[in-house]
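Please read the following explanation alongside the sequence and the structure. It goes from one topic to the next in running text.

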Amino acid sequence: MPQDNNTLRVLLPRKLIDGVGDKAQEGMAVAVQGNTIRWVGPASEAESLDSNGAHRETLEFPGSTLLAGMFDIHTHTNMPGDGRTGEQVNDDDNDEVRLLRSARNATAAVASGITTMCDCGSWNRNGFALKEGLAEGIVEGPRVLVSGPPLTVTGGHLWYMGGEADGVDAVRSRVRDMVKQGADFIKIAASGGSTSTSDPYRAAYSLTELTSIVDEAHNRNRPVLAHCRCTDAINMALDAGVDAILHCAFYDNDGSYRFDQKTADRLAASEVWLNPTMGLGNANRERLAKIQGERALTPEEEDRLERSTVSGANSLAQFSALVKAGVKLVGGSDCGWSYYPFGDFQSEIMSLHAAGLSRIDAIHAGTRSPAAALGIIDSIGTVEAGKEADLLVVDGDPSADLECLRDLAAVFKGGTRVTTTKERASLG
Ligand SMILES: [Zn+2]
């Protein structure tokens, strides 16, 4: 169904989660014209809505809930989500293959109800090229905001993507270059990660470098997202004034997990968005549990399951305490990485509910909050008149059962109806 300015489309769901209020409302209607939400109001008033000569069309979804399209703040479109490491994808594939993969992942994402997502790190020009392909309509996908290759120290996490920069002058110049190429936000590897030449339990950049990156990015109105897998890096990212902290895991330099109350207090007092990425570990463990049901695990798999079970429990305990302390959580799957393919951001939203967010707050964390974190809440993220018509219709009521988020009845991106995963499957 193409977007059409001459059609006023009135959507009549059973319930509406508008992203503004704190519960699902009944008896509401939403009118869409072109790519915009034109009106939201009581269904009883929809009939008398002036269509200004436009053709009127009514779509009824009697058992469904309408909400804003989902926004995943953390993905890697170049990555396959089949367990291959970043180094393997660097060595085995080239940019042409990686870009094709990004196209496929973007299509899978929008079919699963994602209408906006951030690519938090792809190789070289891939993220920018994906955005150009989407803008030209060559590829079907959500709105994609890209960082380009993350800024990282020499040999630091994700260095192979092409974003190495050391020292104040080099990091400033790198930020300017990313903005010149089309970066919507800046991603920093503020600690090491899974990259073998990096150390996840140490801060990577000096505070002066981090502050210069944030200063340069903010001066160009670009938010900064920092990957932090240790407590030191979290505190330095807070000192530098980043906008969002990805992973945000409380590990000491020796690799041991320790809940740090002082850091927790700082996070709660700050306005910084935290992205726990707990769905990633859950996907890992669910996969291993499924294998376990079919055959005995190899010693290596057993070891991985054990380590993942421990770190998952630490993470859940940490974020449960942080939610009680009042931090701001934002949904980001980190999909493409590890064994987390594109198409199930819902699992990340559910993990935020498991950590203590109410169902409606977890839904907000996967719709409204990423838009706020990226500074684009004025145009997307909620169901309000004047905003882009990025809408999701799901069977049932997700504010009563989050599983409903997986039951898509319809997805609209900018007013255009998109083929859902289920519809794709039925087409064969
Ligand atoms: Zn990531």
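In this predicted model, the charged end of R287 is placed over the ring of Y339, at 3.6 Å from the ring centre. A second arrangement of this kind involves K328, whose charged end sits over the ring of W273, 4.1 Å from its centre.

Rings also pair with rings. The count of aromatic pairs comes to five. One of them joins W123 and Y160: the ring centres are 5.5 Å apart and the planes stand at 25°, so this pair is stacked. The reasoning rests on a cut-off, because planes under 30 degrees apart count as stacked. W123 belongs to the loop between β7 (114-119) and α4 (126-135), while Y160 belongs to the loop between β8 (143-146) and α5 (168-181), so the pair ties together parts that are 37 residues apart in sequence. W123 has a relative accessible area of 1% and is buried. Y160 has a relative accessibility of 6% and counts as buried too. W123 and Y160 also belong to one aromatic cluster, which they form with W159.

Another pair is made by Y201 and Y251. Their ring centres lie 5.5 Å apart and their planes are at 45°, so the pair is tilted. This pair links distant parts of the chain, 50 residues apart: Y201 is in the loop between β9 (186-189) and α6 (207-219), and Y251 is in the loop between β11 (244-247) and α8 (261-269). Is each of these residues buried or partly exposed? Y201 is partly exposed, because its relative accessible area is 23% and buried means under 20%. Y251, at 14% relative accessibility, counts as buried.

The strands come next. β6, β7 and β8 make up an open sheet of three strands, in the order β6-β7-β8 and with parallel pairing. At its edges are β6 (70-75) and β8, each of which pairs on one side only. Neighbouring strands in this sheet are turned against each other by 15° on average, with direction ignored. Strands of a sheet pair through backbone hydrogen bonds, in either the parallel or the antiparallel sense. Between β7 and β8 the pairing is parallel and runs over four bridges. One residue to look up here is C118, whose bridge partner in β8 is L145.

Which protein residues are donors of the zinc ion? They are H74 and H76, each through NE2, and D334 through OD, and they lie 2.0 to 2.4 Å from the ion. Along the sequence these donor residues follow the spacing H-x1-H-x257-D. H74 is buried, with a relative accessible area of 1%. H76 counts as buried as well, at 3% relative accessibility.

The last stop is T7. Its place is in strand β1, which covers residues 7-17. T7 is buried, because its relative accessible area is 9% and the cut-off for buried is under 20%. What is T7 in contact with, leaving aside its neighbours within four places in sequence? The residues in contact with T7 are V32, Q33, G34, A54, H55 and E57.

Notes
Residues numbered from 1 in each chain as written. Predicted model: local features only at pLDDT ≥ 70, side-chain atom pairs only at ≥ 80, totals over all residues. Heavy atoms only, no water. Donors = N, O, S within 2.8 Å, 3.2 Å for Na, K, Ca; no water. Buried < 20%, exposed > 50% of the residue type's maximum accessible area, 1.4 Å probe, protein only. Helix = DSSP H or I, 4+ residues; strand = E, 2+ residues; numbered from the N terminus. Contact = heavy atoms within 4.5 Å. Phe/Tyr/Trp six-rings, centres within 6.5 Å; stacked < 30°, edge-to-face > 60°. Lys NZ or Arg CZ within 6 Å of the ring centre and 35° of its normal. Pairing = 2+ DSSP bridges. Axes fitted to C-alpha atoms, helices over the stretch in contact; angles between N-to-C directions.
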